[in-house]
Every structure is written in structure tokens, then in C-alpha cells.
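Got your viewer open and a selection box ready? Let's walk through this assembly stop by stop, with something to pick at each one.

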Protein chains: 4
Amino acid sequence: MNEEENLKVGNIDFSKLNVSHIINSMKATAFNARRLAYAAELYREMVTGNYFIFLTLAGAMIPAGMRNIVAGMMEKGFISCLVTTGANVVHEIIDALGIGHEIGKDYADDVKLAGENKNRIYDVFVDQHAFEEVENFLSPIISQLDGNLSTPELMREVGKRIKDKNSFLRVAYEKEIPVFSPTLHDSIFGLHLSIYRKKTFYLDFLKDINQILDLCFQKIPLGVVIVGGGVPKNFTLQAMLLAEGFDAAIQITTDSPQWGGLSGATLSEAKSWCKLKEEAKEVTVYCDATIALPFLYAYLLDSL
Amino acid sequence: MNEEENLKVGNIDFSKLNVSHIINSMKATAFNARRLAYAAELYREMVTGNYFIFLTLAGAMIPAGMRNIVAGMMEKGFISCLVTTGANVVHEIIDALGIGHEIGKDYADDVKLAGENKNRIYDVFVDQHAFEEVENFLSPIISQLDGNLSTPELMREVGKRIKDKNSFLRVAYEKEIPVFSPTLHDSIFGLHLSIYRKKTFYLDFLKDINQILDLCFQKIPLGVVIVGGGVPKNFTLQAMLLAEGFDAAIQITTDSPQWGGLSGATLSEAKSWCKLKEEAKEVTVYCDATIALPFLYAYLLDSL
Amino acid sequence: MNEEENLKVGNIDFSKLNVSHIINSMKATAFNARRLAYAAELYREMVTGNYFIFLTLAGAMIPAGMRNIVAGMMEKGFISCLVTTGANVVHEIIDALGIGHEIGKDYADDVKLAGENKNRIYDVFVDQHAFEEVENFLSPIISQLDGNLSTPELMREVGKRIKDKNSFLRVAYEKEIPVFSPTLHDSIFGLHLSIYRKKTFYLDFLKDINQILDLCFQKIPLGVVIVGGGVPKNFTLQAMLLAEGFDAAIQITTDSPQWGGLSGATLSEAKSWCKLKEEAKEVTVYCDATIALPFLYAYLLDSL
Amino acid sequence: MNEEENLKVGNIDFSKLNVSHIINSMKATAFNARRLAYAAELYREMVTGNYFIFLTLAGAMIPAGMRNIVAGMMEKGFISCLVTTGANVVHEIIDALGIGHEIGKDYADDVKLAGENKNRIYDVFVDQHAFEEVENFLSPIISQLDGNLSTPELMREVGKRIKDKNSFLRVAYEKEIPVFSPTLHDSIFGLHLSIYRKKTFYLDFLKDINQILDLCFQKIPLGVVIVGGGVPKNFTLQAMLLAEGFDAAIQITTDSPQWGGLSGATLSEAKSWCKLKEEAKEVTVYCDATIALPFLYAYLLDSL
């Protein structure tokens, strides 16, 4: 983000205690509070500027309770396209089926948990039984699939069969928002696909590439909000190697540049690849997304 | 923090957009959002339970614009004692003198900045001139000191000469809140002390130990809020080696346990040293304090 | 790792200065030096115990110069199966074609680099031209592919056309070591596949699942060495949801558990999912793999 | 570090397996392996160039088994001055008295440990009894101190009473190497000082400042090796605010710049403060020091 010259660090104004007021006030601070304020402002600019906005979502965001934010962002027009992991899709289905995730502990005895058929995701527990329910739900869908489908096409097949109105897969289906899942095979959904598919059905990720390229070639302002790196980040950014680059980008990550990996890479680095336009506004917030994302969402709701 | 059994991960409720409502809602999420919610609740318990609350403050929090939060916490009764670094004291004086800190960039040319007499603290710039003003302010104070003073005693001498009502040193003086600075010598204040002191003046940190021990021996509930590790954390916790341990503790840090250092050490580890009581409630939030601290403060203002 | 009771922390013995001696000596230290020593010992146990060893390799390891280690591990029998990212495959081809990667700087001007057609990977530069050479090499291979191939099958097609004897794709082909690349589409190879493929060719990741399951169902000791998390880690571990779990596991990562993501998840957490057997030995080394991996490899060479 | 233009990333040469050969080879890699190689080379330059070398040592390095490295560095002339924490001094005394530290576990039950009088430092246990022995050793030394002493003066009083030839306090005494401990009061040594001191004894940290300034004003090449940040880093660097800046600097840290604190601050940032000379060579290695420090030491032993 560009800053004007000679501005002073100031005080956060606590005379109002709504989220958007506090975040606005953080523009005059430093470190990641300032970055959060810049990200909020840039996100608002994207929405009011009618950007086509990709949200890339890695990390266990659905088990962590972020699903209504994703669905809400779709409802409100804050996302035009979602790119997420197979795991987030599976856990969305677990929630959509009403099974849900248990509030657990991060200092659990994992062997004991295994004995109780509970799987741990840091401080969240998932009952083994949940995956059976997912299998019961998915297997009839999978077994009738034929030909080659991209993941957005497959996600529509799933979304239209979900009844829970809070499900982002359902909302995406209704709003015709494409949901890419370039690591769908890297999840329990993938295991079920390998078991129940017809031999003439192919999950065709190369078709995903063609479809995301079509979106990247649109002659409208294009923005990306990157939550947590991974394949969703890379898959979305790499499409721009063939197109002209994003016009604006926000990144929320807990990874660091100095390890050399893509998840922690700066958005400046992405400019050397022309994945972002030279003049693109960009800001990275180094923060757990379970904190930054809800506050950003509340900011958008409050200020738009 | 203890959690009840079989609670489900839920949705954050965005029907109200004030900070305390959002943070309360985060109790049903996971990772550091849940930790933030637990920390907020525990902090409120400390305040309503009339705990004597130590705030330990490391990291460049004052250059980052957190000074009115510290002063406000003192005004509102959210802190009973402050333990901070010499650097935060020096930068507080820079602000109290009206000089302030400039909003800078983290990707600056440092050699060029040096040529412009600007010192960088990540994305904040400080004019070299500021330290001359600090010297002009401090040297007459220092040159008249005699005998042996603890840092809380010295901080009172400074605080009573500050006119800025937003200064935490001024507020601490007025409210009789002790301010320990066990690394005062590790700052430009320390350099000035070494230059301007009388030969018969001693900065007596061993007296600091006696004085913090007196506070730790009080027969009232004792809590600690740890921002950022370092000597402020260790100095405060180690006093409990001779006393009975804290009754409650909150830690905000970006460090991690696996490097083995004290700044990243868990509060559970502190129980092995009896620095916390066995049954003490404790929660660590892994987050940049420039984000977590303002939201916690807004939560307290909003919910108390 | 289990430790015996009451052992004392000791001194590293520098009377010999070869890598294996120093690492052995680190068993009596702490933090990640001790973890490195345990990992080295466990890796040697896997090799001498004739384990079938999966290496999962995420992060920009090939641009960082780790390719001869991967190839060497295959030659020496330290790896039985490789699971890596599409990016590492692409950069391997760049090296195998003799183009290579330039030693760069992490504090570069990225817009200027873009103008010079140089892409930055932290402190490594890749000439844009390299990707044209990759395209020239891959396009004739791709255009003759038909039917549905798994990535190990496709990697064999590539490996057998590489002449560079230092290429891990070549060595894997010769040694009949399966190379899975569950994110092959998430790379420039993927872009080329989407452009040059016949309409009747499918990259069939569900076949990958079947093939890795076959490897996981082998009735021999199964070990996994995880470098850097990501899809390679998850894809390999999740196969064990249907099988009996790994007998031993080593993880090298710079990620941390407290962010809740899979890349930073402990190997203990994996036991709650039965991805590791209850009694499996496991050790995580928190370290940049560019440091840990060469030293582990040197240790194996030296001690076997 | 400056790099020459257009050098290619290469292979580590494993034809010899001694540490210095492997590290030398890492110059042609990337990320922190390359940084480690640059640090090793720069350290060797400092030693062969007869630099006066400050080692600043934070973190629990002595409990982690690094003491013979510190002592060895003093013996071999790799350190001219040590700046370390009070905690490292205390744990050095525990080792020097033959009590030592127990190899423990990081996933211990801390309340149970407290019941067994064992204190945990990540994966190291210290018996409570050790601190009684330290008290028995220190109390007669302390009770005869009078006047005002700097910490290097006090460390000499301690060092000359230690019999263990592997003790860095003993070696420093014999070799007349100053040992600063600007956080000595922030340790159990400090607690004992507060209990046993004469009322006319002062631990005079302002004298420390004068003494480190004298060292920084020497007209010889001055280098600094920073292990782990904290007060040792800041106290040593800040002395250069009054002098001309270091000629060379190496930093080993697990902290990151983006949190804004001094421990993670880049050495480039230190140039904006003139703590390093404009043209000073500098390199940061992001790595647990328990791994990087032994390998650096072995490199120096091997290559000098």
C-alpha cells in the first residue's frame, strides 16, 4: 500500500466501539493493525468498484467456524468466485448435514481420541461417524456422474442437493458463483470419488484451468483475497501467467517470507511473475484468519 | 481454559457489529479466534473480580500507536501495575513531548534513511531529532537524582514532569500505579542516565525486585496480562517463584513454543515453575498485539 | 520420540567434525537440535529396517538446490516413493534441461525484475525463457498422451525422456520409483497440459488415489518423511485412513501447530486420525528444510 | 550479503561429509541454507581479520546444551566479549556445579511436574533442588560484595570461584573476556542478589553501559554475532548509537520482521540507526540456534 508522506502515528479512537470504526482508526497505527486497516479499505474499494473478486481459502477454516462468513460474503456480493481445498468442502458438507464439529482441546491425548473415534483438528474434534454420513450423502451423487467434470461443475451437483441455507455450497449454487476445489482429490471426498465413481467419470482438473482462465480473461477489474496460501493461492495466481494480472490483492497469512515457500511469499514477489499488475494495490496481513476474516467481514457489513 | 464437553463449533453472529458482540461470538469458533474470546472473557473476570492486574508490555508497542490504550487501561482500572521496556518508556516520552512517530514503510532503503536521520522500526520512522528532545527533557531530571532509586520511583519522577494528559507515565503518576522498567538501561534513557547521572546515583534494580515482590505477596487475587514476552514477562513471572503464583494469566504473543525460549513458552510451562497456581485459568492468543490488544480493550470498554 | 528417564543434557562432542558425529552428539541437547538427532536416528532405522519410505516434498525445494539430494536418496534406497508438487516437477525439468536457476536476492525490486523477465522465488531468480524451454520439451510429450493417466504414470513418460543423470525424474524412472504429483495441475506443467492435451486425455488423480492406496496396503513396515506440509503431506497421510497407518514418521517444517492448519499439525494429531499407528515412532524438526534435509542426507551417507 | 551476478543455484557436494565442506557447498543453494553458508564465511572472515567479536546470547541456550560451544569459542578466540541473559548465567552455574539439566519432554503434565519439583524449559527439566545449590554457591559471594559493580565485574567474581574447566564463566575469567549480563536481575541470580546483598552494594548497570561503550570505541574492526534477540541484542547494538557502528554482523533468529519487534528486526533496519556501518556485511539465518550454532562452530573449527 502506498502511504502519504509525513503522516504521524496516532491513537485509535475508542469513542465508538463498532468494528468498522476501530479498524478505520488502525490506519494510523503500525505493524499488522495498520495492515488490517489497509486490507479493509482495499476490500471495500474492490466491492464498491465492482471488482470480480476471487476468495482463495486454505487452512481448516470450515472446521473453525468460518462457514457463515463465506456464505455471507457470497450473499452480499463480496465474493465472485471461491477457490478452496477439498477438506473445506468436506467439512462444509459435515456442517450442512447438521453433524457439525465439536469444540475440543489442543492438548488432547491423541491415542485416546483415536480410541473414541474422534479426529482432532488442533482444538476441534470431528466424530468419525461424520465421514460415514458424508459417504452416505456423496456416494449416490458420485455414482451417477459420467464424463469429465471440472470441480465447479461438480460443486454445483453437490450444492443443489444441499438443503441447509447457510451452506456456502448451496448459496454458491443459487447465486451461480463458481467454486473451484483444485485439491478435491486430496480429501475424503476424493477417497469417495475413487471408490464410487463410474470408470467413465473423470474429475478433470485441466478443465478447471480452462474455466479459471476464462474468469481471468474478463475485461473488468479483477481482485483476489488470499486466505492462507496453499494450492488455492497458487492455482488462482498462476492463471494470471496467461492473463494480465490482478488489479488488487489482499493476503491473510501466518506464514513468513523467509522460508521461501509460496504460501509465505509476498505479493510483491507475485509482481515479478506478473501475477499482479505492476500498479496493483496489495496488502498482506500477518494474522490467524480466524481473527482477521471475521473482523474484515464485520467491517464490510458495517461500512457498506 | 477449560471447555465444557460436546459443545459444537458455531457461527459468529454478525447481527450486531460492535467489537464485544463479535468477540463473544468467537467463543464457538476455533484456533486463535476462540483464544481471543476466552482471553476477553478472562480479562473481564479479572476486572470484575477486583484482581490486581499486572500488564507486561514488550515489543515496540508505543511506536506502534498503543499508548492511549495503556493510558486508558490505567484510567479505567484495567491495569494495577505496568512492567515495560526502556524502549517503550523512551518512545512514550517522544509522544508526550509532542514529537511523535512517522508512518513509514517496511521496505525502505535503510542506508538512505540513515542519511536523512530517520531511524526505522519496521514500518514506523523516528526522527533522530526526537532523541535530542528526549535528552533535553531527561538530562535535568537525571542530573538531580541521588541515592538509589528503583525504576517505579524513577518513573514517578518522570511522570510528574509530563504535561500530556494522554501519557501513561503521567496517568500512572496521578493514579499511583507503579511502572516497572527492568530494562530501562537497555534504551536511550539508559544512555542518558550513564552520561548525566551523579556518581552517587544508582538505578537499583534489586530494589525493583523487592518492590515487585511486595506486590506479589498481596493477599488478593493476582492476574497478569502478558504482551509480547521478553524481560517484562520473565521479570513479573519470576517474582512468583517466591510468592504463591498468579491466579489468572493471559498471554498475547507471536512467538512459538517449539523454539524453547521464554517469550514463546506456554503458560502451562509456567505452572511447572509454580509461577501460576495449579488451578489458575490461563489463555494464550497467538496474534500480533497491535491487533489483539485494541480489540481486547474495546471489548472491555463495551462490556463493562 | 520416547526418551529414557533421567538422562542429562550434555555437550556436543566436536572431537570429530563430520556431520553424522555432530548430529549424533545432538541427542543430548534440546529443542530442535535434539529433534534433528532423533529424526536422523529414526530415518536410519527406517532404512536399515527395510521400510517402504514415502518422501513428501512441498515448498520450492528444487529451485533451492535440493534436487541432487532427492535423486541421491532414490539411488541409495532412502526413498521408495516420492510425492511432490507440480512446481517442484517443473523446476526439476528446468534444471534437467540445463537452464537452471539464478542466485538472486530477497530484497529485489520486483517490478524491475518483471521488466527483465525474471521471476523471483524468494532469493532465487528464474528466467521467463526457462518456461518456454519447458513448453518446448513438454508439448510433444503431452500431445501424444491419450486415455487416463495417473501422475506416476505421467512422470514415467517424462522421466524416460530426460537425459540428465542427476534428474530425480530420470532416476525414478530407472529405479521404478513411483513419483506422485497430486498438484501437477497447479503448476506450469498443468497450464501446458490444458493447452496441448488431446480431448481424450485425462489426468486422472482418482487413479493416483488407487495407486497410493496399493502402496499403503503393503504388508511391510511403512515410513513417511514429510518435508514442508501442503498437499504432498495430506495426500500421503490421508491414504492411511483406509489402511493401517504409518509405522514411523519424520516431519520437517517451519509451520507451527497453533495456526490450526494441516501443514503445521503435529504428528501426534495424525494419530487421532489413525494416519499413524498408535505406537508409531515420530519426530518433527522445526527447521528450514534447506538446512535440515542436506544434514540428514549427509548423516545417512556417513552412517550407513 | 552481496552476491555476484548470474551465479547459478547448484548442487551440494556430498563427496566429503565434514561439516565445513557441506556448509561451504550450501553457498550455491537458497533460503536459509545459503544464509547459513554466508554466515559461516562471514564469521571466518571476522576471526581471520582479527575482529573484536561480541557474541550476544539470548534464549535458553545453556539448558539446551550449548555451554561448551560458548566456552570453546572463548578458548579458540572466536569471541572477544559475551553479552547474555541472567538465565543463561544461572543455568551455567547449575552445570558448573555438576547438577545439570535433565532431558525431558515438551508434552509433559506441568502440574504433575510441579508436584515433583521439576521445572520445565520446553523439553528440558530442572530440579528445584538445583536452585538451592546455586543459592548455596552464590550467597557467600554476594554477601561480601560492596560498592557498585558492573555485571562484567561481578561475573569475574563468580568465574574465579568456579572450578569446572568447561564453564564459560571460568574460561572468561581466565582469558579476561568480559561477560555482560544486562538482565542479571531478571533471573534467580537477581532474586538472590536482592536477598543477600549488603545495603551498600549496587549492581550498577549504568557502569555496564560505560564499559561496553569503551569496547565499542576501540579503533579496530568490530563484529557482532547475535543469537536470539532480546536485551543482549539491543544492549549491544544500542551502544553503537554513540560509536561508529559494527563492521560486520551475523544474526541467528527464529523471530520474523513482520511482528515489528527488535528481536525479529532485520540487520538492514539496524543500518537506519547507524548501529551497523553503511557498508557493513551482514547476514541473518532464520533457524533454531541449537542447530545453527553447533554447525557454525564446527565449521570454524574445521576451516581455521
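What follows is a tour of a predicted model, from chain pairs down to single residues.

**Stop 1: chains A and B**

Colour chains A and B separately and select the residues where they touch. You should pick up 47 residues of chain A in contact with 47 residues of chain B. On the chain A side, the elements that contribute two or more residues are helix H1 (19-25), helix H2 (31-48), helix H3 (67-76), strand E3 (102-103) and helix H13 (289-303). Which of these gives the largest share of the chain A side? That is H13(A), with 7 residues. Colour by class next: this side of chain A splits into 26 nonpolar, 13 polar and 8 charged residues.

Now superpose chain A on chain B. The operation is a rotation of 180° with 0.0 Å of shift along its axis, and the RMSD is 0.0 Å. To find the axis from the chain A side, go to A:Asn18, whose C-alpha is the nearest to it in that chain, 1.9 Å away. The two copies meet through the same surface, because 100% of the interface residues of chain A are also interface residues in chain B.

**Stop 2: two crossing helices in that interface**

Stay here and select H2(A) along with helix H13 (residues 289-303) of chain B. They pack at an angle of about 80°, with their axes 6 Å apart. H2(A) and H13(B) are therefore roughly perpendicular to each other. Show side chains for A:Phe31, A:Asn32, A:Ala33 and A:Leu36 on the H2(A) side, which meet B:Thr290, B:Ile291 and B:Pro294 from H13(B). Sorted by class, that contact holds 5 nonpolar, 2 polar and no charged residues.

**Stop 3: Leu36, in all four chains**

Keep A:Leu36 selected and add B:Leu36, C:Leu36 and D:Leu36. The largest nonpolar core has 462 residues, and these four touch the most other members of it. What does A:Leu36 contact once its neighbours within four places in sequence are left aside? The list is A:Ile23, A:Met26, A:Val285, A:Cys287, A:Ala292 and, from across the interface, B:Ile291.

**Stop 4: chains B and C**

Switch to chains B and C. Here 7 residues of chain C are in contact with 7 residues of chain B. The chain C side has 4 nonpolar, 3 polar and no charged residues.

Run the superposition again, this time of chain C on chain B. You get a rotation of 180° with 0.0 Å of shift along its axis and an RMSD of 0.0 Å. The two copies are thus related as by a two-fold rotation axis. In chain C, look for C:Ser256: its C-alpha is the nearest to the axis, 3.6 Å from it. The same surface serves both copies, as 100% of the contact residues of chain C recur in chain B.

**Stop 5: chains A and C, another crossing**

Select helix H10 (residues 205-216) of chain A and helix H9 (residues 188-196) of chain C. Their axes are 9 Å apart and the packing angle is about 90°. H10(A) and H9(C) are therefore roughly perpendicular to each other. From H10(A), the contact uses A:Leu206, A:Ile209 and A:Asn210, while H9(C) supplies C:Gly190, C:Leu191, C:Leu193 and C:Ser194. Its classes come to 4 nonpolar, 3 polar and no charged residues.

**Stop 6: H9 in chain D**

Jump to helix H9 (residues 188-196) of chain D. Because 7 of its 9 residues are buried, H9(D) is largely enclosed by the rest of the structure. Pick D:Ile188, D:Phe189, D:Gly190, D:Leu191, D:His192, D:Leu193 and D:Ser194 to see the buried ones. What covers them? The cover includes helix H10 (205-216) and helix H11 (230-239) of chain B, together with helix H4 (86-96), helix H6 (128-143) and strand E8 (201-203) of chain D.

**Stop 7: two single residues**

Still in chain D, centre on D:Val158, in helix H7 (residues 151-159). Is D:Val158 buried or exposed? With 24 C-beta neighbours inside 10 Å, D:Val158 counts as buried. Not counting residues up to four places away in sequence, D:Val158 touches D:Ile141 and D:Leu169.

Finish at B:Lys16, in the segment before helix H1 (19-25) of chain B. B:Lys16 has 14 C-beta neighbours inside 10 Å, so it counts as partly exposed. For a last distance label, join the C-alpha atoms of B:Lys16 and B:Gln238: they are 42 Å apart in space and 222 residues apart in sequence.

Definitions and conventions. Residues numbered from 1 in each chain as written. Chains lettered and ligands numbered in written order. Predicted model: local features only at pLDDT ≥ 70, side-chain atom pairs only at ≥ 80, totals over all residues. Helix = DSSP H or I, 4+ residues; strand = E, 2+ residues; numbered from the N terminus. Nonpolar A, V, L, I, M, F, W, Y, C, P; charged D, E, K, R; others polar. Least-squares fit on C-alpha atoms with pLDDT ≥ 70 in both. Core = buried A, V, L, I, M, F, W, Y, C linked by C-beta atoms within 7 Å. Buried ≥ 20, exposed ≤ 12 C-beta atoms within 10 Å, placed from the backbone. Axes fitted to C-alpha atoms, helices over the stretch in contact; angles between N-to-C directions. Parallel < 35°, antiparallel > 145°, perpendicular 65-115°, else oblique.
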